[in-house]
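Visitor: I should like to study one part of this structure closely. Please choose a single residue, describe its surroundings, and then lead me outward from there.

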Amino acid sequence: MEKIRYINLCIVEFGKRFGMSPKVSFNYLKEYEGLNFLDKCYEAEHQMSLDDAISDLRFYCARHGGTI
């Protein structure tokens, strides 16, 4: 349950940082593998600051074709 809450928090905060609604943020992260990244790397990412996690998401998505 904590993993789900954390992933949801990241979706919302990612959207806030880059001016997206939660729905648009979710779709972007899904399309560019960000959700898979959060799922696979939860153990490490949730121990970091939220700012670091959002930055990691941005770079990971960019490596998979994202443009943010």
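**Around Y28**

Guide: In this predicted model, Y28 is in contact with F14, M20, C61, G66, T67 and I68, once its neighbours within four places in sequence are left aside. Let us take some of these partners in turn, beginning with F14.

Both F14 and Y28 are buried. A pair of aromatic rings is described by the distance of the centres and the angle of the planes. A search of the whole structure finds five aromatic pairs. One of them is edge-to-face, because the rings of Y6 and Y42 have their centres 5.6 Å apart and their planes at 70°. Since Y6 belongs to helix α1 and Y42 to helix α4, this pair ties together parts that are 36 residues apart in sequence. Y6 and Y42 are both buried. F14 and Y28, for their part, form a stacked aromatic pair, with 5.7 Å from centre to centre and 20° between the planes. Here too distant parts of the chain are linked: F14 is in helix α1 and Y28 in helix α2, 14 residues apart. Ring pairs also join F14 and Y28 with F18 and Y32 in a cluster.

F14 and M20 lead to another residue of the region, S25, which is found in helix α2. Not counting residues up to four places away in sequence, S25 touches I11, F14, G15 and M20. With a relative accessible area of 0%, S25 counts as buried.

The wider setting is the largest nonpolar core, which has 18 residues. Those with the most contacts inside this core are Y6, F14, Y28, L29, L38 and L57. Two or more residues of the core come from each of α1 (2-17), α2 (22-31), α3 (34-40) and α5 (50-63). In soluble globular proteins, nonpolar side chains tend to be buried together.

Another partner of Y28, C61, takes us to α5. The 14 residues of α5 should span 20 Å at 1.5 Å a residue, and the end C-alpha atoms of α5 are indeed 20 Å apart, so the two values agree. The buried residues in α5 are A53, I54, L57, Y60 and C61. They lie on the same side of α5, because they cover an arc of only 125° around the axis. D51, F59 and R63, on the other side of α5, are exposed. The cover over the buried residues of α5 includes α1, α2, α3 and α4 (42-45). After α5 comes G65, which has a positive phi, near 105°.

C61 also raises the matter of disulfides, of which the structure holds zero. A disulfide requires two cysteine sulfur atoms within 2.5 Å. The closest cysteine sulfur to that of C61 is in C10, at 11 Å, and therefore too far for a bond. C41 gives a similar result: its sulfur is 11 Å from the closest cysteine sulfur, again in C10, which is too far for a bond. As for accessibility, C61 is buried, with a relative accessible area of 0%, whereas C41 counts as partly exposed at 25%.

To return to the starting point, Y28 is stacked with F14, is in contact with C61, and is among the residues with the most contacts inside the largest nonpolar core.

Definitions and conventions. Residues numbered from 1 in each chain as written. Predicted model: local features only at pLDDT ≥ 70, side-chain atom pairs only at ≥ 80, totals over all residues. Heavy atoms only, no water. Buried < 20%, exposed > 50% of the residue type's maximum accessible area, 1.4 Å probe, protein only. Core = buried A, V, L, I, M, F, W, Y, C linked by side-chain atoms within 4.5 Å. Helix = DSSP H or I, 4+ residues; strand = E, 2+ residues; numbered from the N terminus. Contact = heavy atoms within 4.5 Å. Expected span 1.5 Å × (residues − 1). Arc of directions from axis to C-beta. Phe/Tyr/Trp six-rings, centres within 6.5 Å; stacked < 30°, edge-to-face > 60°.
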